[in-house]
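Thank you for asking for comments on this model. Could you look it over with the points below in hand?

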Protein chains: 2
Amino acid sequence: MTLDALPPHQGGAEQLARLLAQALLAGHWQPGDVFPRELDIGAHFNVSRNQVRNALTSLTAAGLLERTAGRGTLVREMGDWHLLDPLMSEWMTGLINLDPQLVKAIYAFRFSAEPVVAGLAAQAAQAEDIERLESAFTGMEKTASSVEARAEHAEYDVAFHDATYRASHNLVWRQMGHLLRPSIMALIHRSQDRTDTLDDSLTRHRQVLDAIRSRNANAAESAAREVLRRTAIDLGIVS
Amino acid sequence: MTLDALPPHQGGAEQLARLLAQALLAGHWQPGDVFPRELDIGAHFNVSRNQVRNALTSLTAAGLLERTAGRGTLVREMGDWHLLDPLMSEWMTGLINLDPQLVKAIYAFRFSAEPVVAGLAAQAAQAEDIERLESAFTGMEKTASSVEARAEHAEYDVAFHDATYRASHNLVWRQMGHLLRPSIMALIHRSQDRTDTLDDSLTRHRQVLDAIRSRNANAAESAAREVLRRTAIDLGIVS
DNA sequence: AGTCTAGTAAATGTCTGACATTTAGACAAG
DNA sequence: CTTGTCTAAATGTCAGACATTTACTAGACT
């Protein structure tokens, strides 16, 4: 794989890092491949070696690359990626070509984890957590009917689930909220036209909200499972 | 807080990063405090500005610091830390002064998550996963009796739980295995002298292993919960 | 007195060129 | 066939100058 297929870029090292990271996430290189040399990257994009090094430092920290003096830069396999690094979430968001295997893995994680998180949220939620959940839910309601607001709807969807993670009041669970945006965005094209399933989704989200509000952990748990079940079935995670 | 209290260092930027990170994790600076300037750090440790910058880049990527040109470097609060960054796990491991609140948060996470993971593992485990679990378990058995082997025992303990996460065959869950080492190491001094509780621990670990081996998800789930319950009670996570 | 503006100091960010170190491979001597 | 050495090529490091951002200060003007 060469750099020729990549679009030009403008801006700092962050932009360059995003560009390269998204190319890696899209699978333009195979694990074990040698990544282009610093000087070649710099020449191709007309940036200094510094910027290239800064960008590659980010990708290395995210587990995408492995660099050794003398040998060069190698592409690591998916199992080594730091999927929970916020930078990774940012890079994954808005990436159309995200590997279906990865989308499935993230969703399978959510399907197993979010019921537990919702249960914890029902136990630990404070007033401000409930407010965040309600605000996100009403946003989802407002944007449910119109088709052109589906991007906005997805944002409220993200906000709702993120509010659930935050309501657990656990520092570790809260970190995983970062995975929500790429996960939800990657599935935005799935069953987008069926308004009946959207009504269904709203109803189930409401049940999660109600269960947390009434501090019913078991109800929150099963409600959260129901929210995710349809897509889990579609993805072949559960039958 | 000044740098004077920190021990000297030798080695590259990684050592320096570890040193500074552990000082931050131990709470030597308060959130919002200004961190020493690059040049001061370099002067104090006799390293080049490059090394300092590389070290600070790591700490920034881990969410420990926030840097802005002109203003300087600020210390971020615990809620912003990237607890799931493998570097953080490495830094936390072997740190005696780890914030009790953090230890509790990580353990609370494990107490809620690991039963689910064990259930998944029972469904997805392959032969090699079982082998890893068995190998770790026999290691735990061998090192259970002698007192001087407690460090080695802890390593087998880490290996056992990590094998559980890996056996789930989910990329996201697998990442969280990194948290195990600091969590287990931080609690190594807790009830270390009670051989009866150690026998108890072994028995319960065996039940997890057996449940996964016989693909009984429900049994694995409750067995994993029992493994963690005693410490969870000690930490005040559950009553 | 108050407010806007220009200027200044101080911090991080960037660039550049040279050099150091590590690695893989070639090639010859033993 | 092994060992050792040399060479080329890649990343890592250094040092110094400069750029940019930020906060603060001192005047000028109303």
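The numbered points go from a single chain to the pair of chains, then to the DNA and to one helix pair.

1. Please keep in mind throughout that this is a predicted model. Chain A holds eleven helices and three strands, and when it is read along the sequence these follow the pattern α-β-α-α-β-β-α-α-α-α-α-α-α-α. Taken along the principal axes, the C-alpha atoms of chain A fill a box of roughly 60 × 35 × 35 Å.

2. Chain B is superposed on chain A by a rotation of 180° with 0.0 Å of shift along the axis, and the RMSD is 0.1 Å. That is the relation of a two-fold axis. The copies meet through the same surface, because 100% of the interface residues of chain B are also interface residues in chain A.

3. Which residues are the closest to DNA strand D? Of the 18 residues that surround this strand, the closest are A:Arg37, A:Arg49, B:Ser48, B:Asn50 and B:Gln51. The residues of this surface divide into two nonpolar, nine polar and seven charged.

4. As for the DNA side, 68% of the atoms of strand D within 4 Å of the protein belong to sugar or phosphate, and the rest belong to bases. In chain A, the side chain of A:Arg67 has an N or O atom 2.9 Å from a phosphate oxygen of strand D, while for the side chain of A:Arg53 the corresponding distance to a phosphate oxygen is 3.1 Å. A base oxygen of strand D, in turn, lies 3.5 Å from a backbone N or O atom of B:Gly70.

5. The elements that give two or more residues to the surface near DNA strand D are helix 3 (49-61), strand 2 (65-68) and strand 3 (72-75) of chain A, together with helix 3 (49-61) of chain B. Helix 3 of chain B provides the largest share, which is four residues.

6. Helix 3 of chain B also packs against another helix, and two packed helices are described by the angle between their axes and the distance between the axes. The axes of helix 2 (residues 38-45) of chain B and helix 3 of chain B come within 9 Å and cross at roughly 115°, and the crossing is right-handed. Helix 2 of chain B brings B:Glu38, B:Leu39, B:Ile41 and B:Gly42 to this contact, and helix 3 of chain B brings B:Arg49, B:Val52, B:Arg53 and B:Leu56. By class, the residues of the contact divide into four nonpolar, one polar and three charged.

How values were computed:
Residues are numbered from 1 along each chain as its sequence is written. Chains are lettered from A and ligands numbered from 1 in the order in which they are written. This is a predicted model: local features need pLDDT of at least 70, side-chain atom pairs count only at pLDDT 80 or more; totals for chains, interfaces and linings use all residues. Side-chain values use heavy atoms; hydrogens and water are left out. Copies are superposed by least squares on the C-alpha atoms of residues with pLDDT of at least 70 in both. Contact means heavy atoms within 4.5 Å. A residue is near a molecule or strand if one of its heavy atoms lies within 4 Å of it. A polar contact is a pair of N or O atoms within 3.5 Å; within protein, one must be able to donate a hydrogen and the other to accept it, and residues adjacent in sequence count only if both atoms are side-chain atoms. Ala, Val, Leu, Ile, Met, Phe, Trp, Tyr, Cys and Pro count as nonpolar, Asp, Glu, Lys and Arg as charged, and the others, Gly among them, as polar. Axes are lines fitted to C-alpha atoms, for helices over the stretch in contact, and angles run from 0 to 180 degrees between N-to-C directions. A crossing is left-handed if the near helix is turned anticlockwise from the far one by less than a right angle, and right-handed if clockwise.
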